[in-house]
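Work through the following exercises with the sequence and the coordinates at hand. Each task is followed by a solution that proceeds step by step.

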Amino acid sequence: MVRVQTLRTSLFTAGLALALAQATIAGAPDALAEDTVAAREWEQEGGGPDHACTSTMVPVAGPPIVAWTQALPGPILSEPVASNGVVYLVVANKDNAELVAYRAADGTRAATRVIGSSFSTFRVAVSRGVAIVNADGVRGFPLRADGFALGWRSPTPATNGMVVQDGVIFAGSPKSIIRLSASNGKMLEERICVGGGSIGGIVLCDVSEPGGAAESQISYVRDGYKERVTARFAVTARAAINAKGGIDDPIEHLTDLVLTPGDARWEAFVRVTKRANPYIDPSALFVLGPGYPAASGPDAPSAVISVSGRDVSLCSIATRPAVADGRIHGFNAQGALIAVEADGTYYTLIEPGTLPKGARMGPATLVGTVLCFGNWAVDKDSKRVLWTVPEIDPASPAIPVADGRLVVVDADGPATFRLVCLADPSVAAPPTAAPSAAASAAAPRPPSPDGLDGLILADGTIVAGQVEKLPTGPLRLTPTSGPAREFAVDAVSVALAKGAVVHRGEQFGAFDAWDERLRAEAADVFEGLARKAASERLFATTRRLAEAAKSFGLDDARSRQIDSAMAGFTEAANAAAKDLRYVKLEDEARTKLRGQALAASAWLADRGLPAAAAAAIQLAERFRSDAADSETRAAGLVPPSFPWKSERDAGARWIRWSGAILASGAEFIPPDDAAWGRIRGEQAWRLGTIGFRTRNLLLFSRCQDVDVVGPCLRNGEGAIRALDELFRGGVASAIRNDADRLEVRVHANREEYLAERPPTGGGAIGWSAGYYSPGENVSRFYVPTGAETEAARGRSLFKVLTHELTHHYVERRWTGGDRSGGRSPGYWVVEGIAEFVEDQTVEMGRRGLRFDDTTVESLDSSAQLEAAGLLLRPVGRFLDLSYGEFVALGDTPEYEVKLRNTLVTYKLSKISIFYRESAALVFWLMHRRGPEGRAALLGAIRDYYAGKARPGGWAALGFKDAESFEREFRAFLKSLR
């Protein structure tokens, strides 16, 4: 989706547009539909109205930079919230409480207003440009260009919290629940509660209509929102858990138990809650989830309640958790990080006292798949600790404020507080001043490729001018003014001279140029309609159109202007009826944008770029869906080499495969291509095989699943380009024909993989997940199941592929062959460099093309192995092991290692320890021993492959004896703990 493009710079600098291409193209309409303002923006405590502490923004996934800091006048009196690139919070300034707003781009103050006494605490929310605070009732302050407007006040207290949703404030007191307009504070509804008021910000009570009978309901839930009640399990409860697992506090404090009357498990809940407090009738409680936990602390701990069958279980959590995909994450009172599944089972991710170095426990924030706990973050799926900032002592949750940006309040001393913005390094540097309204409204639109004479580069940049293809290979471009420039052909997607294609490279750049142009056009169109609707005070219409504009790249500054036009005003009369005209205008705009995307598709197809053309059709679907028409058009773009070109659903399949093709620069191998001669003599590969050619690979696959093959292509090609950077300083390997490409074969399953017997003899080792066969110039792999992945040392197919392709590359392209023999000492260099590259390339999607991440598994596990005395020793002997001695080490898992930077525990065999120790040694020599260490490492690799390695490998690495080598290596590993 378009927001991923804010992080494009580092990926293109790295030469790896591959992962970015997939992320950009894979933004399907279904994903877009869920990417609403409520899902993205952190407009109230807990994020959105469901208080799940989640956001769909692009996370800070790599080690961040401090983009800016802003000193605060005193302690914070509320949690920060954010909307449209502005951060809001209440701070103490001497005896006053001040509502302040800072621009997320550069930290400059946008507004401030005194709202009360510094001896109070507050909740802040934002709705359509209005900052809402529970100060002396409920108050709203519209944010204008020159600061906060005077705003409005509702005297109704909000002692038990408030929720903002769709321009409405739901606030509760011990006696009633109210609904207010967020624009002007007007009372919309008040209901008297029979069984208590709002709890923890979620409104739960029996509601009695004036003069009528009591009825059980969630009073503020509008039609269509009740589906959330059917979520699968409880999130939190504000209650003290006694030694017997009972609940000591009154049951009114239970919040967010996701269970409805009529559910077969309701009886179990009633039984437990009555036992905990017989004076409360649980049938009066309705609950909403996932929800908002109570404040943490020793006097108000939380609890996770889960219902499975007829059993109700409790699991202590003392900090506010984040909720997603039927699982919650949070810390218990003992400091363990816990994940709780929907069925009530839970497991410990981090034991007490074993947080990453410098990390603090605290409330969770989930952005994408990244869980952040104030000053550190972990990926919830891979369990990789992504970064820590030890110098920050969080006094608030870290909340997302823009793609690739978080803010957190740092307690910088006992009485000093500052607001800190942590940003992904690839996010552009912040501006020195806030853009003016005129400047932000006049953002230049990317140029159109239509009518171009010139170049579209691999990163989508358009360079106009006269193009000449030089006999020596480069392309010379002469602009209308200025000197001529030369471009390597690999850096160019398409070159056009007088409308004719004179060079055609990888297709992603050409698609990206059109994609940028059309998204900018869409953002402008929807912004214009939103501004017009705002001027007519059609606020629901404005919000819908503004969301559409933001989904296609409208920046926060322009979005704030739309909010300012709505803030503090009353919705027009008959707004729903007037919206019908805008529905028609929006439909007309989407139809026009779809036509432009289809015209772009035709432009790309006419220039021989069928995958880019199919991706443009997918973009057309984003503008306005017409699946049947899209599939028919795509069917006309299917290249002759597409294996399913004769199938009835060829168009739909081609749209799906186009993303994988674009992301890797691949092409299907035509049926009559000579490359098929490599496999057609082998029985196992004769039927059901598909083939691809990229710049560096020939890939044959018995698996035909695009979700498997696409990442194989992307990761394989990306790994080779990364190796060119590592070994050749970024100079691409010269590829003249298929003989220079590396051949990859992917089996559909493990049985086929183990059964294949190469013509040169040998075959797969039973415990392996892939291997390189030097005699054939072939690397073989299989698609594993979950259990088989565990057997392969917990490694995915894509990690194994990177590892084996490193062997393939080093031997085939860098050393020119292997003349070592099975008894040559120094085998550590072979597995060490492959394990090193495997570990480091996994991190390149978030760090860029670097090989210096000290938190990868090989370094982490080696550091823990050193502490436990489990390194292969003596190290001098380890350096001299041959291949035969390596195999004899044994693959029985028997040594348990708990990692600090990836929240997993492994049982390692001696062979597994060898891999990790070798990779750690490679890292140390490359990054901690200066130029001499790097030169010694490269020399050791060359010597081994040339058959020149000798015993006493420590001497070749520059050490006087084995003892000094071991002492310094162990000191390095200790420094990582």
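A polar contact is a pair of N or O atoms within 3.5 Å, where within protein one atom must be able to donate a hydrogen and the other to accept it, and where residues adjacent in sequence count only if both atoms are side-chain atoms. Helices (H or I, at least four residues) and strands (E, at least two) are DSSP runs, numbered from the N terminus. The model is a predicted one, in which local features need pLDDT of at least 70 and side-chain atom pairs count only at pLDDT 80 or more, while totals for chains, interfaces and linings use all residues. Residues are numbered from 1 along each chain as its sequence is written, and side-chain values use heavy atoms, with hydrogens and water left out.

**Exercise 1. The chain as a whole**

Task: State how many helices and strands there are in the chain, and what percentage of its residues is buried.

Solution: The chain has 26 helices and 49 strands. Buried means under 20% relative accessible area, exposed over 50%, and partly exposed in between (1.4 Å probe, protein chains only); by this criterion 57% of the 977 residues are buried. Contact means heavy atoms within 4.5 Å, and of the contacts between residues at least 6 apart in sequence, 60% join residues at least 24 apart.

**Exercise 2. Helix H9 and its start**

Task: Determine whether helix H9 is largely enclosed or not, and find which side-chain oxygen reaches a backbone nitrogen at its start.

Solution: Helix H9 spans residues 556-566, and because eight of its eleven residues are buried, it is largely enclosed by the rest of the structure. The buried residues are Ala-557, Arg-558, Ser-559, Arg-560, Gln-561, Ile-562, Asp-563 and Met-566. At the start of H9, the backbone nitrogen of Ala-557 is reached to within 3.1 Å by a side-chain oxygen of Asp-555.

**Exercise 3. Thr-542 and the loop before its helix**

Task: Describe the surroundings of Thr-542, and then compare the loop residues Arg-537 and Asn-574 as to whether each is exposed or partly exposed.

Solution: Thr-542 belongs to helix H8 (residues 539-551) and is buried, with a relative accessible area of 0%. Leaving out residues up to four places away in sequence, Thr-542 touches Ala-530, Ala-533, Ala-534, Ile-562 and Met-566, and its side chain reaches the backbone nitrogen of Ala-534 at 3.0 Å. Arg-537, in the loop between H7 and H8, has a positive phi of about 60° although it is not a glycine, and at 35% relative accessibility it counts as partly exposed. Asn-574, in the loop between H9 and helix H10 (575-606), likewise has a positive phi near 60° in a residue other than glycine, but at 59% relative accessibility Asn-574 counts as exposed.

**Exercise 4. Two helix pairs**

Task: Decide whether H7 and H11 are roughly parallel or roughly antiparallel, and do the corresponding analysis for H23 and H26.

Solution: Axes are lines fitted to C-alpha atoms, for helices over the stretch in contact, and angles run from 0 to 180 degrees between N-to-C directions; angles under 35 degrees count as roughly parallel, over 145 as roughly antiparallel, 65 to 115 as roughly perpendicular and the rest as oblique. Helix H7 (residues 508-535) and helix H11 (residues 610-623) pack at about 15° with their axes 10 Å apart, and are therefore roughly parallel. Their contact is made by Phe-511, Asp-515, Leu-518, Arg-519 and Ala-522 of H7 together with Ala-612, Ala-615, Ala-616, Leu-619, Arg-622 and Phe-623 of H11.

For the second pair, the axes of helix H23 (residues 910-927) and helix H26 (residues 962-975) come within 11 Å and cross at roughly 90°, which makes H23 roughly perpendicular to H26. Glu-917, Ala-920, Leu-921, Phe-923 and Trp-924 of H23 meet Phe-965, Glu-968, Phe-969, Phe-972 and Leu-973 of H26.

**Exercise 5. The side chain of Trp-152**

Task: Find which backbone oxygens lie in reach of the side chain of Trp-152.

Solution: Trp-152 is in strand S11 (residues 152-154) and is buried, with a relative accessible area of 10%. Its side chain reaches the backbone oxygen of Ala-182 at 3.4 Å, and a polar atom of that side chain lies 3.3 Å from the backbone oxygen of Ser-183. Beyond neighbours within four places in sequence, the contacts of Trp-152 include Val-130, Val-138, Ile-169 and Asn-184.
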